[in-house]
Amino acid sequence: MSETVERAKVMSRFLQRAMLTLGIIVAAISLWAAGFAVVDPTFLPMALKAKFGALAPFSVTRIQVLIFVVFIMLQTLPLLLALVSLNRAFAEISRTGGVNQITALHVRSAGIRFAFTALILILATPLLSLTASIGALPGHRFLSVGFETQHLLAILLSAVLIMLGHVLALAAE
């Protein structure tokens, strides 16, 4: 086996473990935030205050906590699936020492899943603001819409991965 192929396999195994580690970290943080929101009644008002400032409610209801936990899980799931796809792509590279159609499929799949994650991130701000204003008095309800740097980066990452998947498919042919 050539030295270049061996280096590709070693690097792919490293990146495979990095995707697994990142997935575990993301899952742990999401579960921690969801659990903390359920257990500590001061956590969600504090988090909403950090996000929406003076518009955030001082207290929240159980339905708001439940909706917040659902939002966390909806944001986390496609991100974890994208990391799994990248993990599988690197596993395939480390197994074969090169690219093939399976690698291209996994990279393209990761890109699509990151695009879905970006869409959920963009929609989360208005939905979270509506959730935060549940139960507020008339005149104190609000809707927040925004497009932040993290949204743009998520869209760019997904586009790059989708294009890279197409390029890898062509290279594999």
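## Close-up views of a helical model

Ser30 is buried, with a relative accessible area of 11%. With that residue as a starting point, welcome to a short tour of this predicted model.

**Figure 1. Ser30 and its contacts away from its own stretch of chain.** Ser30 belongs to helix α1, which runs over residues 3-39. Its relative accessible area of 11% counts as buried because the cut-off for that class is under 20%. Which residues does Ser30 touch once its neighbours within four places in sequence are left aside? The contacts are Ile72, Met73 and Thr76. One of these, Ile72, will appear again in the view of the largest pocket, where Ile72 is among the residues that lie nearest the centre.

**Figure 2. Lys9, another residue of helix α1.** Lys9 also has its place in α1. Is Lys9 buried or exposed? Lys9 is buried, at a relative accessible area of 12%. A useful pair to find on screen is Lys9 and Leu161: they stand 152 residues apart in sequence, and their C-alpha atoms are 20 Å apart in space.

**Figure 3. The salt bridge between Arg13 and Glu6.** How many salt bridges does the structure hold? There are three, and this view shows the one in which the side chains of Arg13 and Glu6 meet, at 3.7 Å from N to O. As a general point, side chains of opposite charge can pair when their charged atoms come close. Both partners here are partly exposed: Arg13 has a relative accessible area of 32%, and Glu6 has 35%.

**Figure 4. The salt bridge between Glu148 and Lys51.** In this pair, the closest N and O atoms are 3.4 Å apart. Glu148 sits in the loop between α4 (101-132) and α5 (149-172), while Lys51 sits in helix α2 (residues 43-52), so the bridge ties together parts that are 97 residues apart in sequence. Glu148 is partly exposed at 33% relative accessible area, and Lys51 is likewise partly exposed, at 35%.

**Figure 5. The salt bridge between Arg95 and Glu92.** Here the closest N and O atoms come to 2.6 Å. Where do the two partners lie? Both are in helix α3 (residues 62-96), three residues apart, which is about one turn of the helix. In general, an α-helix has 3.6 residues a turn, so residues three or four places apart point the same way. The partners fall into separate accessibility classes: Arg95 is exposed, with a relative accessible area of 56%, whereas Glu92 is buried, at 9%.

**Figure 6. Helix α3 from end to end.** α3 has 35 residues. From its first C-alpha to its last it reaches 51 Å, close to the 51 Å expected at 1.5 Å a residue. Just after α3 comes Gly97, with a positive phi of about 85°.

**Figure 7. The buried side of helix α2.** Which residues of α2 are buried? They are Phe43, Leu44, Pro45, Leu48 and Phe52. These buried residues pack against α1, α3 and α4. Just after the helix, Gly53 takes a positive phi of about 65°.

**Figure 8. The largest pocket.** This pocket has about 680 Å³ of space. Its lining is made of 22 residues, and Ile72, Gln75, Leu121, Ala124 and Gln150 lie nearest its centre. Which elements give two or more residues to this lining? They are α1, α2, α3, α4 and α5. Sorted by class, the lining has 14 nonpolar, seven polar and one charged residues.

**Figure 9. The second largest pocket.** The volume here is about 210 Å³. Of the 15 residues in the lining, those closest to the centre are Leu55, Pro57, Ala132, Ala136 and His140. The lining divides into nine nonpolar and six polar residues, with no charged ones.

**Figure 10. Leu156 and Phe114.** Leu156 is found in helix α5. Leu156 is partly exposed, with a relative accessible area of 47%. How far apart are the C-alpha atoms of Leu156 and Phe114? They are separated by 9.4 Å, for two residues that are 42 residues apart along the chain.

Technical notes: Residues numbered from 1 in each chain as written. Predicted model: local features only at pLDDT ≥ 70, side-chain atom pairs only at ≥ 80, totals over all residues. Heavy atoms only, no water. Salt bridge = Lys/Arg side-chain N within 4 Å of Asp/Glu carboxyl O. Buried < 20%, exposed > 50% of the residue type's maximum accessible area, 1.4 Å probe, protein only. Helix = DSSP H or I, 4+ residues; strand = E, 2+ residues; numbered from the N terminus. Contact = heavy atoms within 4.5 Å. 1 Å grid on protein atoms, 1.4 Å probe; cavity = no way out; pocket = protein on both sides within 12 Å on 5 of 7 lines; lining within 4 Å. Points joined across faces, edges and corners; volume = space filled by probe spheres on them. Nonpolar A, V, L, I, M, F, W, Y, C, P; charged D, E, K, R; others polar. Expected span 1.5 Å × (residues − 1).
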